[in-house]
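This report covers side-chain contacts within one chain. It takes disulfides, then aromatic pairs, then salt bridges.

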Amino acid sequence: MDRSADGRLVRALRSRARNITLLCAAAALATATVPASAQTRTVSAPVTEPLVVVDCFQQAQVRPEEYLLACGDGNNRLVGLKWDTWGPKAATAKGTDMVNDCKPYCAAGRFRSYPVTVTLSSPEPWPDHPDVQRFTSIRLVYTDTAPDPVPKDVTYKLVF
C-alpha cells in the first residue's frame, strides 16, 4: 500500500472498510429480521359464500329485516326481524308477521300484526348459484295468537 506522508490514505481506507463492515452488518441484521415478519403466514379458512334466504325477487338475503311471504299479492310479510342466530344449519329470529285479514276482501282488508318466532332451516345448494347454500324451509311459531285459520306452529317450504 502506498502511504502518504500524513497517513491520510491509510485512514481513508480504514474508514471505508469500517463503513463497509457497518453497512454489511446492518444489511445482515435487516435481512435476518425482515423475512421473519414477511414469512409470517396467516392461515385463513376457505372462502365460502354465506348461507342465504332467497326472496320473491330471486335476491339472496342474509339476516333480512323484512321478508315477504306472500309473493303474489303482498298480503303477508315478516317485519322487524331481529336475528338471534344465523348458522350453517338454521337461523332464528323474532319479529312480527303482518297479515292482511282480507275482510270483506283483500283490497279492503286491514293488516294485522302477530308476534312470531321465525326459524329458517334445511339448507341446500341454490340451483341458480350452486356454490351458494340457501334455506329451503321456514317455520313460524306465533307467540300470541295466530292469524285465522293458520295454526300457531306452521312450516312452509321456500320455493325460491
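## Disulfides

A disulfide is a pair of cysteine sulfur atoms within 2.5 Å. The model is predicted, and it holds 2 disulfides. With bonded cysteines counted along the chain, the pattern of the disulfides is 1-2, 3-4.

Cys102 and Cys106 form a disulfide in which the sulfur atoms are 1.9 Å apart. The angle about the S-S bond is 95 degrees, and the link of Cys102 and Cys106 is right-handed. Cys102 has a relative accessible area of 23% and is therefore partly exposed. Cys106 is also partly exposed, at 33% relative accessibility.

The other disulfide joins Cys56 to Cys71, with an S to S distance of 1.7 Å. The link of Cys56 and Cys71 is left-handed, with -75 degrees about the S-S bond. Cys56 lies in the loop between strand E1 (53-54) and E2, and Cys71 lies in the loop between E3 and E4, so the disulfide ties together parts that are 15 residues apart in sequence. Cys56 is buried, with a relative accessible area of 15%, whereas Cys71 is partly exposed at 34%. The cut-off that separates these two classes is 20% relative accessible area.

## Aromatic pairs

The structure holds 3 aromatic pairs. One of them is formed by Trp86 and Phe135, with 5.4 Å centre to centre and 80 degrees between the planes, an edge-to-face arrangement. Trp86 is in strand E4 (residues 76-86) and Phe135 is in strand E7 (residues 129-142); the pair links distant parts of the chain, 49 residues apart. Trp86 counts as buried because its relative accessibility is 15%. Phe135 has a relative accessible area of 0% and is therefore buried.

Tyr114 and Tyr142 form another edge-to-face aromatic pair, 6.3 Å centre to centre with 85 degrees between the planes. Tyr114 is in strand E6 (residues 111-126) and Tyr142 in strand E7, so this pair ties together parts that are 28 residues apart in sequence. Both Tyr114 and Tyr142 are buried. Which residues form an aromatic cluster? Trp83, Trp86 and Phe135 form one.

## Salt bridges

A search of the whole structure finds 4 salt bridges. Among them is the one between Glu66 and Arg77, whose closest N and O atoms are 3.4 Å apart. Glu66 is in the loop between strand E2 (60-61) and strand E3 (67-68), while Arg77 is in strand E4; the pair links distant parts of the chain, 11 residues apart. Glu66 is partly exposed, with a relative accessible area of 46%. Arg77 counts as partly exposed at 31% relative accessibility.

Lys94 forms a salt bridge with Asp84, and here the closest N and O atoms are 3.2 Å apart. Lys94 lies in strand E5 (residues 90-100) and Asp84 in strand E4, so the salt bridge ties together parts that are 10 residues apart in sequence. At a relative accessible area of 49%, Asp84 is partly exposed. The side chains of Asp153 and Arg139 also meet in a salt bridge, at 2.4 Å from N to O. This pair links distant parts of the chain: Asp153 is in strand E8 (residues 153-157) and Arg139 in strand E7, 14 residues apart. Asp153 is partly exposed, with a relative accessible area of 40%, and Arg139 is partly exposed at 37%.

## Contacts by strand

Strand E4 holds Trp86, a partner of Phe135 in strand E7. Strand E4 also holds Arg77, which pairs with Glu66, and Asp84, which pairs with Lys94 of strand E5.

Strand E7 holds Phe135, as well as Tyr142, the partner of Tyr114 in strand E6. Arg139 is in strand E7 too, and its partner Asp153 is in strand E8. In strand E7, Phe135 is buried and Tyr142 is buried, whereas Arg139 is partly exposed.

Key: Residues numbered from 1 in each chain as written. Predicted model: local features only at pLDDT ≥ 70, side-chain atom pairs only at ≥ 80, totals over all residues. Heavy atoms only, no water. Phe/Tyr/Trp six-rings, centres within 6.5 Å; stacked < 30°, edge-to-face > 60°. Helix = DSSP H or I, 4+ residues; strand = E, 2+ residues; numbered from the N terminus. Buried < 20%, exposed > 50% of the residue type's maximum accessible area, 1.4 Å probe, protein only.
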